[in-house]
Amino acid sequence: AMAMHRTKLLELLTEHRVSDLNIKSRAKVLDAMQQIALTAHKHGEKFVSNIFTHTKFGDLTRLKMLMDSKGDYQSLHKMVFSDIKERDIRSEVLDHINREAKAIQGVLKMGGHKGKRFSRRPWRKILSDVDDTLLSSGGKYPAGIDKRLPRKALYPGILDLYKELDLGATGVSDWEEEENPRYIQRGEEFLQRDLANLVFLSARPHVYRDLAEAHTYEKFLHLVDEGKLYGVPTMLAGDLASGISYMTTDNFEYLAEKKFQNFMEYAQLYPEFSHVFVGDNGQGDVRAAELVMTAKRRGSAVGLPGSDEEVLGMLSSDVVPDLTVTYIHVVQPLEKTFGWDKDARSRWRDLNIIFVDNYVDAAIHAALVMKPPLIHAHGLRRIMVKSIEDYHAIKEWHKVKDPKLMKEQLRLMLNQSITVANEKLSDMPLDQWTGGDKHVDAFESVRTIDATCEYQNGTHVSTNMGPGFVIDFRPSDGVYTVELEWELMKGKKVVAYLQYNQLAPYADKSKAVADSLIKFYAGIKEAIPQTKANRSKTVGDAMEGGVE
């Protein structure tokens with residue numbers, strides 16, 4: 001009797017009265033069906049298909065996004081590519097999604113008043129890796145290799161880069177201005193910015209139910225609750241097969257192909273959106289980006305690794321990801337990147353794969369190099385400010401090797417990029433500062449991060465030029481003035497200007513001087529961060545790369 005009542009209820013909600021349900025109610029029905037499993041009813045998959053096919057145009061976009069904003073593993077991707085077993089029903093859903101997406105794209109291309117309203121949002125999905133991209137792995141195998149920051153530390157600026165990329169550069173210049181958008185007309189709730197377009201591509205395998213994903217979603221929700229992450233993301237997990245293959249062969253190709261497959265499947269669910277990918281060069285992200293961009297340029301994934309006949313059979317033949325740009329966080333030398341060869345740098349640049357030391361670099365490229373820009377100039381400045389706040393928020397430096405040196409190198413790296421951004425933004429005409437901050441009289445530079453004084457005045461130190469005493473310290477650039485213990489003619493003292501990584505505590509032993517020399521030569525690259533000749537290579541890449 002209970003089964004009969006449930007059947008009648010599902011028929012009522014998904015067939016007879018589905019048009020009477022608002023979009024939020026339809027999302028709740030779909031969620032309930034996922035929770036009890038579609039296999040609980042012999043017509044469960046058809047009931048799901050009915051809800052999708054009775055939802056049109058932007059309402060379908062809104063429905064999909066609600067399904068991906070629940071903060072658990074019961075996502076749209078799981079429903080379409082895992083819960084639905086019948087290929088014909090899956091094809092019916094994907095074909096409907098594709099048709100409605102083309103209708104939205106048509107409005108955007110035609111322009112007019114409606115097109116202008118629609119284009120106030122960027123229609124962009126941000127797909128991101130987790131370990132060594134969002135959070136430092138601390139070098140813990142197999143998650144990642146970056147030992148420079150404490151494990152689980154957020155990389156400065158990453159959360160606000162996601163937010164600004166989602167905000168875009170065509171509408172308002174600040175997310176908070178969207179609380180009561182006047183341009184949204186009745187029936188166009190899908191234009192609201194209350195749901196995030198953020199997707200995490202994880203190499204961690206999905207095992208059983210949400211055992212693997214639950215802990216990660218808890219982290220995401222905690223960041224949302226703290227006000228650091230602007231919305232609830234969804235996540236596409238890896239699988240056991242690719243994970244085991246990687247663990248047994250140490251070959252990142254398996255992880256890259258799985259991410260490529262997930263990327264391809266996700267594009268089928270949101271054909272009306274373009275994509276930005278954010279990853280790192282520690283494992284297979286660069287290779288995954290190569291595969292996606294190759295599929296985009298070919299117009300098909302046929303023949304590419306990771307797209308075998310079974311995978312292709314689940315995809316719409318005319319839908320490939322519209323990947324605009326890839327930002328790769330550098331966590332090891334470029335020549336150690338998986339897929340590196342003598343032609344790699346030019347090949348990756350041609351595919352618009354941009355390598356960045358930090359996320360201010362990425363924001364510089366997104367705001368000032370990409371044509372049209374992906375984020376506001378205001379957004380770039382906000383990312384600069386938040387990167388400084390995030391730097392100061394990093395705790396547990398004692399867990400990394402040589403914590404004072406690692407913290408100082410991060411400070412120098414961020415200051416390089418902030419200095420470049422300040423120069424570029426100050427050169428912009430004020431009439432280009434459009435958007436929310438309408439009364440901009442002059443660009444206000446973002447102050448760089450002051451250094452922490454580790455050697456007080458009077459401290460006896462060793463340098464590459466011999467021992468001496470600290471007589472001054474400049475917080476703005478971290479330079480110590482050291483009076484050396486030797487004299488020129490007529491007793492004139494010699495003064496050296498050095499940074500933390502060129503000094504060592506004094507000890508009257510040759511090893512201390514040798515250690516000081518080692519630190520000196522290791523620190524030459526970061527020694528004078530404010531000059532153009534010494535800027536990091538990736539800042540140059542970010543300024544020179546991109547799409548003309």
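**Exercises on a predicted model**

There are 15 aromatic pairs in this structure. The model is predicted, so local features need pLDDT of at least 70 and side-chain atom pairs pLDDT 80 or more, while totals for chains, interfaces and linings use all residues. Residues are numbered from 1 along each chain as its sequence is written, and side-chain values use heavy atoms, leaving out hydrogens and water.

**Exercise 1.** Work out what kind of pair tryptophan 123 and phenylalanine 273 form.

*Solution.* Start with the centres of the two rings, which sit 5.3 Å apart; rings of Phe, Tyr and Trp (its six-membered ring) pair within 6.5 Å. Next, take the planes: they are at 55 degrees, so the pair is tilted. Planes under 30 degrees apart would be stacked, over 60 edge-to-face, and the rest are tilted. Last, place the residues: tryptophan 123 is in the loop between helix H7 and strand E1, and phenylalanine 273 is in the loop between H11 and strand E4, 150 residues apart.

**Exercise 2.** Find which strands stand at the edges of the sheet E10-E9-E8-E7-E11.

*Solution.* Helices (H or I, at least four residues) and strands (E, at least two) are DSSP runs, numbered from the N terminus. Read the order of this open, antiparallel sheet of five strands: E10-E9-E8-E7-E11. Strands E10 (493-499) and E11 (504-505) each have a single partner strand, so one side of each lacks a neighbour in the sheet. Now look inside: six bridges join E8 to E9, and strands pair if DSSP finds at least two bridges between them. Phenylalanine 473 stands opposite tyrosine 480 in E9.
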